[in-house]
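Dear colleague,

I am handing over the structure below, and I would be glad if you could look it over before reading on. My notes on what was found in it follow directly after.

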Amino acid sequence: ARWKRLAEQGAGTSEQLTAAQQDAEQVRAQLSAQQEQSLQQAQDAQRKMARVQEAYRALEAETNRLRASWTQLQAERDRLRADLGTRQEELAGAVAARRQAEHEAQRLRCFPD
């Protein structure tokens with residue numbers, strides 16, 4: 001601010017020029033510090049984004065693995081259900097045949113030839 005005033009007023013004393021140069025150096029130092037801080041923040045943000053992307057890729061891979069496992073489990077469940085249905089039919093047939101045989105044996109005991 002002071003150096004603007006001096007520029008508007010014209011050249012000035014050497015003390016004024018020295019003070020203006022010091023002000024300018026201070027402003028340059030502040031800008032440099034702010035740029036360094038901004039650069040550091042940008043680099044931190046890039047590292048964080050890389051970690052987030054890596055975590056996302058890992059989660060996506062795990063999700064795909066779980067989906068494949070789920071599909072396999074569903075197929076196994078369907079196969080087991082089909083096997084159970086077949087086994088139940090076989091057992092029902094065996095029970096019916098046994099009952100028929102027991103009925104026939106009972107009839108023969110009651111009415112021998």
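Arg107 and Glu104 are separated by about one helical turn, because they sit 3 residues apart in helix 2. Their side chains meet in a salt bridge, with a distance of 2.4 Å from N to O. Both partners are partly exposed, since Arg107 has a relative accessibility of 37% and Glu104 has one of 30%, and "partly exposed" covers the range between the 20% and 50% cut-offs. Elsewhere in the chain, Glu76, Arg79 and Asp83 are joined into one network by salt bridges that share partners.

Please keep in mind throughout that this is a predicted model, and that the values in this message are computed from it.

Two further pairs can be described in the same manner. The side chains of Arg28 and Glu25 form a salt bridge at 2.4 Å, again taken from N to O, and these two residues both lie in helix 2, which spans residues 14-110, where they are 3 residues apart, or about one turn of the helix. As for their surroundings, Arg28 is partly exposed with a relative accessible area of 49%, while Glu25, at 48% relative accessibility, is likewise counted as partly exposed.

The other pair is Glu90 and Arg87, which form a salt bridge whose closest N and O atoms are 3.5 Å apart, a value that lies within the 4 Å allowed for such a contact. Glu90 and Arg87 also both belong to helix 2, with a spacing of 3 residues, about one turn of the helix. Glu90 is partly exposed at 46% relative accessibility, and Arg87 is partly exposed too, with a relative accessible area of 46%. As general background to such contacts, side chains of opposite charge can pair when their charged atoms come close.

How many salt bridges does the count come to by this rule? The count comes to 10 salt bridges, and the pairs described above are among them.

Turning to the chain as a whole, you will find 2 helices and 0 strands in it. Of the 113 residues in the chain, buried residues make up 4%. The accessible surface of the chain comes to about 10100 Å², and carbon and sulfur atoms account for 56% of that surface.

With best regards

Terms used
Residues numbered from 1 in each chain as written. Predicted model: local features only at pLDDT ≥ 70, side-chain atom pairs only at ≥ 80, totals over all residues. Heavy atoms only, no water. Helix = DSSP H or I, 4+ residues; strand = E, 2+ residues; numbered from the N terminus. Buried < 20%, exposed > 50% of the residue type's maximum accessible area, 1.4 Å probe, protein only. Areas by Shrake-Rupley, 256 points an atom, 1.4 Å probe, with all protein chains shown as cover.
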